[in-house]
Amino acid sequence: MKQVVLRIDDAAFEKFMGMVSLCPMVEVLNVCESGDKKMTTDTYVASAIREMRQTLAFRYPCDYAYLMVAMNENVVKGLPFFYTPKDFIDYMREAEFDNLPGRTTIYDTIAKVKGKYPDWTFTDAPKASEALRRKNLIKQFLSAFMRAQSRKSDGLSDGF
């Protein structure tokens with residue numbers, strides 16, 4: 001069984017639903033307006049990043065690249081995969097984040113990460129404390145992501 005999330009323009013919605021009705025093995029589980037405050041994976045990600053920004057976890061622009069690498073390694077199942085730094089930046093902008101690093105910064109940082117999280121090594125040979133800080137960014141993200149999910153399951157709102 002697969003689940004697919006689609007964003008459909010209002011003008012195409014009725015035609016799309018007509019096509020879906022022709023497929024007896026397809027079931028529409030949920031329909032919501034794009035303005036809904038429904039917590040989804042993307043809103044959990046955005047909430048986690050907001051929390052990390054508030055706690056000043058991102059010290060350097062390149063720190064966002066470690067998040068992209070972790071997401072691409074499927075550290076949390078179901079998070080988006082980004083083929084390019086531009087895709088990641090666009091995703092972050094869609095979540096209304098500003099002051100983001102450029103593509104070159106992300107690309108250069110990604111190139112320095114070797115191995116799979118949590119066993120990352122870095123080709124720029126940082127001090128042990130800096131290598132640990134970089135890995136801990138992902139731990140902080142995972143904790144913030146889980147808190148965002150638990151707020152939803154507890155019925156609490158995060159302003160979404």
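**Close-up 1. Asp 90 and Lys 86 form a salt bridge.** In this predicted model, the closest N and O atoms of Asp 90 and Lys 86 are 2.7 Å apart. Both residues sit in helix α4, four residues apart. That spacing separates Asp 90 from Lys 86 by about one helical turn. Asp 90 is partly exposed, at 33% relative accessibility. Lys 86 also counts as partly exposed, at 40%.

**Close-up 2. Helix α3 packs against helix α4.** Helix α3 covers residues 63-72, and helix α4 covers residues 85-94. Their axes lie 11 Å apart. The packing angle is about 105°. Angles of 65 to 115 degrees count as roughly perpendicular, so α3 is roughly perpendicular to α4. From α3, the contact takes in Tyr 64, Leu 67, Met 68 and Met 71. From α4, Pro 85, Phe 88, Tyr 91 and Met 92 meet them. By class, the contact holds eight nonpolar residues. Polar and charged residues are absent from this contact.

**Close-up 3. Arg 147 and Glu 51 join two helices through a salt bridge.** The closest N and O atoms of this pair are 2.2 Å apart. Arg 147 belongs to helix α6, residues 128-153. Glu 51 belongs to helix α2, residues 41-54. The pair links distant parts of the chain, 96 residues apart. How accessible is Arg 147, and is Glu 51 buried or exposed? Arg 147 is partly exposed, with a relative accessible area of 37%. Glu 51 has a relative accessible area of 18%. Buried means under 20%, so Glu 51 is buried.

**Close-up 4. Arg 53 of helix α2 forms a salt bridge with Asp 98 of a loop.** The closest N and O atoms of Arg 53 and Asp 98 are 3.5 Å apart. Asp 98 lies in the loop between α4 and α5, the latter being residues 103-112. The two partners are 45 residues apart, and the pair links distant parts of the chain. Arg 53 is partly exposed, with a relative accessible area of 23%. Asp 98 is partly exposed too, at 45%.

**Close-up 5. A network of salt bridges links five residues.** The acidic members are Asp 63, Asp 124 and Glu 130. Arg 133 and Arg 134 are the arginines of the network. How many salt bridges does the whole structure hold? A search finds seven. Among them are the pairs Asp 90 with Lys 86, Arg 147 with Glu 51 and Arg 53 with Asp 98.

Notes. Residues are numbered from 1 along each chain as its sequence is written. This is a predicted model: local features need pLDDT of at least 70, side-chain atom pairs count only at pLDDT 80 or more; totals for chains, interfaces and linings use all residues. Side-chain values use heavy atoms; hydrogens and water are left out. Axes are lines fitted to C-alpha atoms, for helices over the stretch in contact, and angles run from 0 to 180 degrees between N-to-C directions. Angles under 35 degrees count as roughly parallel, over 145 as roughly antiparallel, 65 to 115 as roughly perpendicular and the rest as oblique. Contact means heavy atoms within 4.5 Å. Ala, Val, Leu, Ile, Met, Phe, Trp, Tyr, Cys and Pro count as nonpolar, Asp, Glu, Lys and Arg as charged, and the others, Gly among them, as polar. A salt bridge is a side-chain nitrogen of Lys or Arg within 4 Å of a carboxyl oxygen of Asp or Glu. Buried means under 20% relative accessible area, exposed over 50%, partly exposed in between (1.4 Å probe, protein chains only).
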